[in-house]
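Trainee: Could you take me through one part of this model in close detail? I would like to see how the helices pack there, and then how that part fits into its surroundings.

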Amino acid sequence: ASVWERDTTLLYLEWVSRVRVNTQAVLKRAQSIQGQKLPKKQWQSAWLLKAVTCIDLTTLSGDDTPSNVHRLCMKAIQPVRHDLLRKMDMHDKGISTAAVCVYPSRVADAVRSLKAANSSIPVASVATGFPAGQTPLESRLQEVRSAVNDGATEIDIVINRMLALTGQWEAMFNEIRLFREACGDAHMKTILAVGELETLSNVYKASMVAMMAGSDFIKTSTGKEAVNATYPVAIVMLRAIRDYFLCTGHKVGFKPAGGIRTAQESLVWLTLIKEELGSEWLHPHLFRLGASSLLADIERQIYHEVTGQYAALHELPMA
């Protein structure tokens with residue numbers, strides 16, 4: 001069976017290496033999605049609350065401390081002010097963010113804070129030499145194991161971009177398989193760092209290889225590249241997810257991350273997912289938004305819908 005699996009994998013990798021993406025068609029589709037009318041009033045608020053439940057609330061700064069991770073966890077548990085939710089009759093619907101995402105060294109802090117608050121929100125951790133992915137393989141694997149041991153149930157790994165840029169798809173597949181094993185039962189989100197892959201064809205190929213190697217999600221960016229989540233790369237990744245599903249019957253999730261800051265943008269992302277993959281992907285187990293400042297803008301928009309006024313900065317608690 002293992003020989004057969006290896007031969008099949010090589011056959012698919014051979015096919016992947018020959019894929020070409022029609023860039024003009026992708027750009028045209030991206031333009032059309034941005035030109036669509038978005039929901040207004042209470043319908044907008046309903047979609048924004050849906051977006052909140054799909055956010056991986058993130059802090060990935062050099063100055064992260066146990067106290068600001070604790071604050072992030074508290075915001076994840078109560079992402080929108082209780083009185084605003086009550087006025088929308090949504091106060092008892094258990095609205096929280098999908099996860100909290102931190103560096104491996106802060107995982108234990110996040111787990112402790114959420115446990116103390118009796119919350120089951122998962123803790124995600126970036127790993128594998130985030131954001132560059134250029135550290136030795138063994139230390140990248142150890143980082144995954146360490147985060148899992150500390151209680152992370154989701155691991156956001158980064159691919160080695162050098163392997164993608166030089167067309168070493170089998171080597172990339174083998175590396176991601178090792179990360180998959182190191183994750184154990186934890187969900188694995190694979191960050192492609194699309195801003196550094198140079199072409200849309202490379203984005204499609206990397207997406208396919210990451211899914212073949214066992215990724216539960218594919219994610220656009222670390223948020224540290226010059227170019228992060230854009231609609232054209234998202235369309236290519238979503239088409240790869242759809243192709244993979246049609247070939248295998250297996251659903252892989254999608255996570256745009258980096259530079260998503262406004263409530264309006266989150267509505268465009270939800271629209272794109274609904275149109276490209278369908279409503280069943282519009283749930284936290286198949287769609288996440290990687291963000292740190294997005295939630296604040298969503299809460300401001302909801303405050304405006306409920307009260308008719310925009311909130312002053314001090315009126316909404318920060319993450």
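Mentor: Happily! Helix α11 passes helix α12 in a right-handed crossing. This is a predicted model, and in it the axes of α11 and α12 (residues 263-277) lie 10 Å apart and pack at an angle of about 30 degrees. Since angles under 35 degrees count as roughly parallel, α11 and α12 are therefore roughly parallel to each other.

Now look at the side chains in that contact. From α11 come Y231, A234, I235, L238, R239, I241 and R242, and they meet E265, V268, W269, L272, I273, E276 and L277 of α12. Sorted by character, the residues of this contact comprise 10 nonpolar and four charged, with no polar ones.

Next, the wider setting. The largest nonpolar core has 98 residues, and those touching the most other members are I155, M172, F254, W269 and I298. The biggest contribution to this core comes from α11 (residues 231-248), with 10 residues. W269, one of those top-ranked core members, is also among the α12 residues in the contact with α11. M172 is worth a glance as well: beyond its neighbours within four places in sequence, M172 is in contact with I159, L163, A164, A206 and V209. There is also a second, separate core of seven residues, including V126, F130, V158 and I191.

I298, another of the top-ranked core members, takes us to a second helix pair, as I298 is part of the contact between α13 and α3. The axes of α3 (residues 41-52) and α13 (residues 294-307) come within 10 Å and cross at roughly 150 degrees. That makes α3 roughly antiparallel to α13, and the crossing here is left-handed. On the α3 side the contact involves K41, Q42, Q44, S45, L48, L49, A51 and V52, while α13 brings L295, I298, Q301, I302 and E305. These residues divide into seven nonpolar, four polar and two charged.

One last stop is D56, which sits in strand β1 (residues 55-58). Is D56 buried or exposed? D56 has 0% relative accessibility, so it counts as buried. Leaving out residues up to four places away in sequence, D56 touches A98, A99, E154, K189, K255, R288, L289, G290 and A291. The chain also brings D56 and I260 to a C-alpha separation of 12 Å, although their positions lie 204 residues apart along the chain.

Technical notes: Residues numbered from 1 in each chain as written. Predicted model: local features only at pLDDT ≥ 70, side-chain atom pairs only at ≥ 80, totals over all residues. Heavy atoms only, no water. Core = buried A, V, L, I, M, F, W, Y, C linked by side-chain atoms within 4.5 Å. Buried < 20%, exposed > 50% of the residue type's maximum accessible area, 1.4 Å probe, protein only. Helix = DSSP H or I, 4+ residues; strand = E, 2+ residues; numbered from the N terminus. Contact = heavy atoms within 4.5 Å. Axes fitted to C-alpha atoms, helices over the stretch in contact; angles between N-to-C directions. Parallel < 35°, antiparallel > 145°, perpendicular 65-115°, else oblique. Left-handed = near helix turned anticlockwise from the far one by under 90°. Nonpolar A, V, L, I, M, F, W, Y, C, P; charged D, E, K, R; others polar.
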